[in-house]
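This report walks through one protein chain, moving from a charged cluster to the fold as a whole and then to single positions. Please keep the sequence and the 3D view open while reading.

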Amino acid sequence: MKHISITAQIGIGMIGGALLGLAFGPKIAGIQLLGNIFLRLIQMAVVLLIFGAVIEALGSLKSDQLGRLGGKTAMWFLITTLIAAVLGLAIGYAVNPGSGIKLASVSTSATVAKAGTSFSQTVLDFFPTNIFDALAKGNVIQVIIFAILFGIVLNRANTDGKFNQVLSFVKQMNQLTVKLVMLVMKLAPIGIAALMAWVTATSGIKVILPLLKFLTAFGLGSIAFLIVLFSFISWYAKVPLRGLVRGFSRIILVAFTTTSSAISLPIEMEDAENRLGVEKSISQLVLPLGMALNSNGLAMYLSLSCLTLTQLYGMSVSPMSMVKIVLLSVIACLGTVVVPGGGLVALTIVVPTLGLPLQSIAILAGIDWFSGMFRTVLNVVGDTTTAIAVASDEKLLNRDLYKLHVDKMAPKNNCVITSSI
């Protein structure tokens, strides 16, 4: 198993667990305990993971970067992530991947959002009164709000290097937490197999159909997002659309085949500078920061996943619940850390917050590798288009490269062939 990737192992675990549940039925439902232990082990570290990642990302920036460039970058990250989350929700309603099938709910009292909660109270609940209480309860939104403020304060106070030890401590804690999560993720095949065995033992084979519909919806949403984003950036940065798409071709291919933002980052930075005309100073700031704080693909995945799960469990989704799904999908991306099975880690953040059964994560776990293809493409494209937009604003975008791409796409005429002969 050492020579098989973690995503492949999870896929094998899902298939094996599904077959086990179908073969033995309700007799094997008790195996759910192993899956619940795995989910708890993930949950115990995920809040600390987000907390440290946000502080490190903001605290590591130079003061001038945190100001002008940091503000512009954050604005573009927010806009593209918000669009992705809303689009994921819209595609979910259009395709209805979880409709027509109702799974046995884990808790009959589970709801997506409290019906009586007003908009003002929902917004107020984003802000913590006690950070230790927020950490203890796993209130991710409040933890991220505090981490953003702490990261900004640390950045400003550390201009003379006085608080380098604090920043170094945060970085070291992040490295250890990531190692802890990766250690727990080695148990994912067993945990997911146990949960999937429980799902199929209690619900049967009917759970497979929504997975195919989910991937179809995610694929359609990804294509729609890329069309919207490329068209807008072409207009905003005043670059030819054909040249823009051609400049992204290698980035998209690497992202789609590796399903890893970390592996894609070196190619992303090289092509952003050499094929898309982004000044090096901009690419070195925006792209690494985007890998930690911006995940358009994850935002779409989370909103679509949450809607799919509510459909599967027959839960009603009010307009306020839709707003909460979008906001949580956006906010959860702030602490994204690139680890194997990162989509599953993110789901453990959002699903309990919405009141959905935590065990429902097992339903989507088996197709996480396929979902990861779409997520990674949207993530790296979102980061790179943000770099293009910021470079355009700062007048640090070389538009001549786009003309070269268009010229390369043009068919060679007879004059060129004759002269070469």
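## A buried acid and its partners

In this predicted model, Asp 271 counts as buried, because its relative accessibility is 1% and the cut-off for buried is under 20%. The side chain of Asp 271 takes part in a salt bridge with Arg 250, with 2.6 Å from N to O. Asp 271 belongs to helix α11 and Arg 250 to helix α10, so this pair ties together parts that are 21 residues apart in sequence. Asp 271 also meets Arg 275 in a salt bridge, where the N to O distance is 3.6 Å.

Arg 250 has a further partner in Glu 270, and here the closest N and O atoms are 3.5 Å apart. Since Arg 250 sits in helix α10 (residues 241-258) and Glu 270 in helix α11 (residues 261-274), this pair ties together parts that are 20 residues apart in sequence. Arg 250 counts as partly exposed, with a relative accessibility of 30%, and Glu 270 also counts as partly exposed, at 38%. Taken together, Arg 250, Glu 270, Asp 271 and Arg 275 are linked in a network of salt bridges, while a search of the whole structure finds four salt bridges.

## The chain as a whole

How many helices and strands does the chain have? There are 19 helices and zero strands. The chain has 421 residues, of which 52% count as buried, and its accessible surface comes to about 19200 Å², with 67% of that area belonging to carbon and sulfur atoms.

The contacts show how parts of the chain that are separated in sequence come together in space. If one takes the contacts between residues at least 6 apart in sequence, 85% of them join residues at least 24 apart.

## The nonpolar core and a surface patch

The largest nonpolar core has 120 residues, and those with the most contacts inside this core are Met 185, Leu 244 and Ile 388. Helix α2 provides the largest share of the core, with 13 residues. To see what surrounds one of the central members, consider Ile 388: leaving aside neighbours within four places in sequence, Ile 388 is in contact with residues including Ile 233, Ala 237, Leu 244 and Phe 248. The contacts of Ile 388 also include Leu 276, Val 278, Leu 397 and Tyr 402.

Nonpolar residues are found on the surface as well, where Leu 33, Leu 34, Ile 37, Leu 187 and Ile 190 form a patch with about 470 Å² of accessible area together. Helix α2 (residues 32-59) gives the most to this patch, with three residues. One member of the patch, Leu 33, lies in helix α2 and counts as exposed because its relative accessibility is 55%, the cut-off for exposed being over 50%.

## Three single positions

Is Thr 308 buried or exposed? With a relative accessible area of 1%, Thr 308 is buried, and its place is in helix α13 (residues 296-312). A polar atom of the Thr 308 side chain lies 2.7 Å from the backbone oxygen of Leu 304. When residues up to four places away in sequence are not counted, Thr 308 touches Pro 97, Gly 98 and Phe 214.

Leu 167, found in helix α7 (residues 164-185), counts as buried with a relative accessibility of 9%. Residues up to four places away in sequence aside, Leu 167 touches Glu 56, Gly 59, Ser 60, Leu 154 and Asn 158. The C-alpha atoms of Leu 167 and Gly 52 are separated by 9.9 Å, although these residues are 115 residues apart along the chain. Ala 90, in helix α3 (residues 63-95), counts as partly exposed at 42% relative accessibility. From C-alpha to C-alpha, Ala 90 and Met 300 are 9.9 Å apart in space, while in sequence they are 210 residues apart.

Conventions: Residues numbered from 1 in each chain as written. Predicted model: local features only at pLDDT ≥ 70, side-chain atom pairs only at ≥ 80, totals over all residues. Heavy atoms only, no water. Helix = DSSP H or I, 4+ residues; strand = E, 2+ residues; numbered from the N terminus. Buried < 20%, exposed > 50% of the residue type's maximum accessible area, 1.4 Å probe, protein only. Polar contact = N/O pair within 3.5 Å; in protein donor to acceptor, adjacent residues only side chain to side chain. Contact = heavy atoms within 4.5 Å. Patch = residues over 30% accessible without salt bridge, like charges linked within 9 Å, V, L, I, M, F, W, Y side chains within 5 Å. Areas by Shrake-Rupley, 256 points an atom, 1.4 Å probe, with all protein chains shown as cover. Core = buried A, V, L, I, M, F, W, Y, C linked by side-chain atoms within 4.5 Å.
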